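User: I would like to go through this model in a few short questions. Please give cut-offs as the terms come up.

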Amino acid sequence: MTLPETDRPETDRPETDRPETASPEAVPPEAVRPATRILLAGDHFVRNSLLAEALNHALGAPGTEPQLVELTLPWPLEPFGKVAEVDEASDAEDALIAALDGVEVCVTQMGPFTERVLAAAPDLRLIVVCRGGPVNVNAAAARARGVRVCFAPGRNAAATAEFTVGLILSALRRIPEAHRSLAADGRWDASHYTYENCGLELEDTPVGLIGYGAVGSRVARVLSAFGAEVEVYDPYVRGDVHGMRAGSLEALLARSRVLTLHARLTPESRHLIGARELALLPRGAVLVNAARGGLLDTDALCDALDSGQLRAAALDTYEQEPPPPGSRLFRTPNLLMTPHVAGASRAVAQKAARIAAAEVARYVRGEQLAHAL
């Protein structure tokens, strides 16, 4: 099976391929078209206050401030999901339609821009999505109505890479188990120091990475600094990588004591790692997935943990989010789980606001957009 191309509007995109997104300098008043009506449809992560501050800095010209309208969406206090024909959006079509009255530009992270919403917003000309990919926008419907769609590539690459390394270390060294026995159970459990129960270390350990974009490349650099034997499988990336290149997915799996996923989810890559692939790993391997839950067959993962084929696994993303109460994941041993928070840092929210504001400023000044579909 081949890996989907990594030149993509996802977070996992090589840093060198991304246009510069530094905050622009203030522009002269005559260069700015005044009174653009802008809807800030933020949420409890990318807050409207962050968007407004970034917009005021990006536009910068006194007396030409845009007309800002605000709508606060409930994410992450309420999970995103499929809304009509779009994915990973807040279920708020009616509220969004009402707020878009007379709006020319909308900046959002989770706004559900379905065909119905777009049809009800005749004045809309630009949607800026504060994410690595605008999956919450019906791109074809937007294009048909002359609405440009932009996104924020690379906003959470550093945060996700750092969290991934944290998951790897936690799973290898059994940090959650040691914490739980002492803090939760009140036991000084010396068995963590026995040969059978103590964890593995990264130095000299073969680690396989599937995907070498903005996240994968950062993880590879960090793991190389730990002294791990890093090997990368990504047939679409050219040039040097940190570590060795694998000639095939099968070759990578056969050598990886630790496997970490960094690919984009496409129809081709769904269940990229299933029962067959897990069986190719050395017995007692560790698997980490902070990319997309659909890359991994959940039942096959649970089977591999139950049988001991996998020593441990760490997940931040899931095929169904949140996992249903009866999911096997909650009763499978040696599984570390976090609720899709790898990209959750204050810096990510601030970067997203700055990237989006810079795009709005380009639009208002009549300049070419940097991150448009």
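User: What does the accessible surface of the chain come to, and what share belongs to carbon and sulfur atoms?

Analyst: This is a predicted model, in which local features need pLDDT of at least 70, side-chain atom pairs count only at pLDDT 80 or more, and totals for chains, interfaces and linings use all residues. Residues are numbered from 1 along each chain as its sequence is written, and side-chain values use heavy atoms, with hydrogens and water left out. By the Shrake-Rupley method with a 1.4 Å probe, the surface is about 16,600 Å², and the carbon and sulfur share is 51%.

User: Which helix gives the largest share of the largest nonpolar core?

Analyst: A nonpolar core is a set of buried (under 20% relative accessible area) Ala, Val, Leu, Ile, Met, Phe, Trp, Tyr and Cys residues joined through side-chain atoms within 4.5 Å. The largest one has 54 residues, and Phe113 is among those with the most contacts inside it. Ten of its residues come from one helix (a DSSP run of H or I, at least four residues), namely H11, residues 346-365.

User: Is tyrosine 318 buried or exposed?

Analyst: Tyrosine 318 sits in the loop between strands E13 (310-315) and E14 (335-337), strands being DSSP runs of E of at least two residues. Its relative accessible area is 8%, so tyrosine 318 is buried.

User: Which backbone oxygen does the side chain of tyrosine 318 reach?

Analyst: Beyond four places in sequence, tyrosine 318 has contacts (heavy atoms within 4.5 Å) with Gly293, Pro323, Leu329, Met337 and Thr338. At 2.8 Å, its side chain reaches the backbone oxygen of threonine 338.

Methods
Buried < 20%, exposed > 50% of the residue type's maximum accessible area, 1.4 Å probe, protein only. Polar contact = N/O pair within 3.5 Å; in protein donor to acceptor, adjacent residues only side chain to side chain.
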